[in-house]
Amino acid sequence: MNKKFLLFGPGIGGNYGNNAIVLGTEKILHRHFPGCEVWLPHRSWRKPNHGNVQNPGTGIEIKSGWMDIRFKLFCRSMVRKSGLFDPHPLAVPRRLAKQSDCVLSIGGDLYTFANKEKDWPYPFSIMEMGNEIIKLGTPYVIWCASVGPLEEAGKRLGEMVEHLRKCHAIIVREQDSYQYLRGTLGLRDNVFLAADPAFVMEPEPFDLPFSQSSNGSKLLAINFSLGSLEHVHGHVPVEIFHNDLIEWTRKILDALRVRVLFVPHTHHDSYFLAPIYEALNTQYRERIHILPEKIGARKTKWAVSRANALMTMRFHCSLAGFSTKTPTLILVSTSKGEKICREMYGDTEFGLPLSDADSDTVFTKIKDLLDNEEGIRSRIEPVSEKMNTLAFSAGETLKKIL
C-alpha cells in the first residue's frame, strides 16, 4: 500500500524558502516511496489557491481537510487582526493526521527560540501540537530542521526533551543541531543528520534574456530583504535602508564590469527591492534588472544559477546559490546564516555580519567572489554534492524507521 505523508508546518505561499522545503521534500519522498501521496493541508479559512506548487507534476496534493479547521482558523485570523497575540499559529488537521501514515513537521526553524523576532510563538506551540499528533497514534517526525538550543525553555526544558524523545524521529539539517541533541540533551536513538530539502529542489528554466552574457560582463544576483535588516538594525525608516543599499549597489556598478539582477525571495522582498531598482534604473538601465513578482522558488533558483555570484540576506536564497554551485556571500542576520557558511566553506570568510556591512566591506567581498569565481565554484561543488546526498538520505532514514 502506498504511504501517505502529511506535511505539517508553515506551508507555502509568499516565502520561497518554505516553498523550496516543500518541493524538495516531495522529491525526496517520491524517490524513496514511489507512488506515495504527499499531502499539504491548507492553512487559511479561505479556499485554497496554491499556484505553481500544486501544478501537475509537482506530486503534491492540497487536501480538502482544511474544512476541518476552517472555523478555528477564521477565529484566529480575527484575533490576529484585533492586535491580540495568537500563541497557536497552526491548527492540527486531526482527520488528515489520522489518515496519514506519517506526519512530517517541515518548519525549518520551529524548534528554535526567537532571537529578535517579535511575537515568535515557537517552539512551545509546535511542541504542543506535535504532542497532539503523537497522541493520535500517527508517527510524528521532525523533518530536516534546526533544533535548539532550548535552554531558554527554563522550567519547561524537561517537557521539551520528553517531547523530542517521543518523536518517531528527529532529522536535522546541520551538524550543530545534531551535536546539540546527541551531546547536550543526550538524545541518540531517534536523532539523524540530513540536509535542507531545498538543496534537491529542481530549478525551472524560463525566458530571462538579461541572464545572457553581455560584452563580457559578469552577472551578480542580489537579494536584499527588509526583514533581515530590521532583525539587525530595528525598525528605522525604510528610506534609510534604501539609501544605503542604493549606495552599495552603485559602488559595485561603478567599479566593476557587472550586471545586477535583483532577486526577491519573498513577496515582501519584491516591494522592498522595487524602489532600489527604480532609483538605479535611470543611470544603469542596461545593467540592472529585477525578477518578476511571484515567479516561484524553482524559477528563482534557476535565475540564481545563471549568476557568476550571489549576495543575499535571506538564508534560503543562499541555498539556491550553494545548491547550484554559485559563489555566494551571505549578509548574516541570524545564526543559521553563519552555520551554512561554515558547512559550505569551512569558515565564515563569505559570511559578513549584516551589522558590520557597509559599501566598502561589501564591495571588497563581492570583488573577491567575482575575481576568484572558478576557484570558489570548485570549493563549493563537492560540499554541494554532499548536501544533495544528505538531503536524499532523509528519505532513506524515513524508510528504515516506518
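**A tour from helix H4 to the open sheet**

Begin by selecting helix H4, residues 124-135, whose 12 residues should span 16 Å at 1.5 Å a residue, and because its end C-alpha atoms are 17 Å apart, the expected span and the modelled one agree. Keep in mind, as you look around, that this is a predicted model.

Staying with H4, colour its buried residues, which are Ser125, Ile126, Met127, Met129, Gly130, Asn131 and Ile133. To see what covers these buried residues, add strand S1 (4-8), strand S4 (102-105), strand S5 (140-145) and helix H5 (157-166), which are included in that cover. Then step just past the end of H4 to Gly137, where the backbone takes a positive phi of about 95 degrees.

Next, move to the open sheet, where 6 strands lie in the order S10-S9-S8-S11-S12-S13 and the pairing is parallel. Select strand S10 (288-290) and strand S13 (351-353), the edge strands, each of which pairs on one side only. If you follow the sheet from one strand to the next, you will meet a twist that averages 20 degrees.

Which helix packs on this sheet, touching S8, S9 and S10? Select helix H9, residues 267-281, which touches strand S8 (218-223), strand S9 (258-262) and S10, and compare its direction with that of S10, since the two make an angle of about 160 degrees.

Finish with strand S12, residues 328-332, which runs parallel to S13 and is joined to S13 by 3 bridges. Zoom in on Val332, and look across to S13 for its bridge partner, Pro353.

How values were computed:
Residues numbered from 1 in each chain as written. Predicted model: local features only at pLDDT ≥ 70, side-chain atom pairs only at ≥ 80, totals over all residues. Heavy atoms only, no water. Pairing = 2+ DSSP bridges. Helix = DSSP H or I, 4+ residues; strand = E, 2+ residues; numbered from the N terminus. Axes fitted to C-alpha atoms, helices over the stretch in contact; angles between N-to-C directions. Contact = heavy atoms within 4.5 Å. Expected span 1.5 Å × (residues − 1). Buried < 20%, exposed > 50% of the residue type's maximum accessible area, 1.4 Å probe, protein only.
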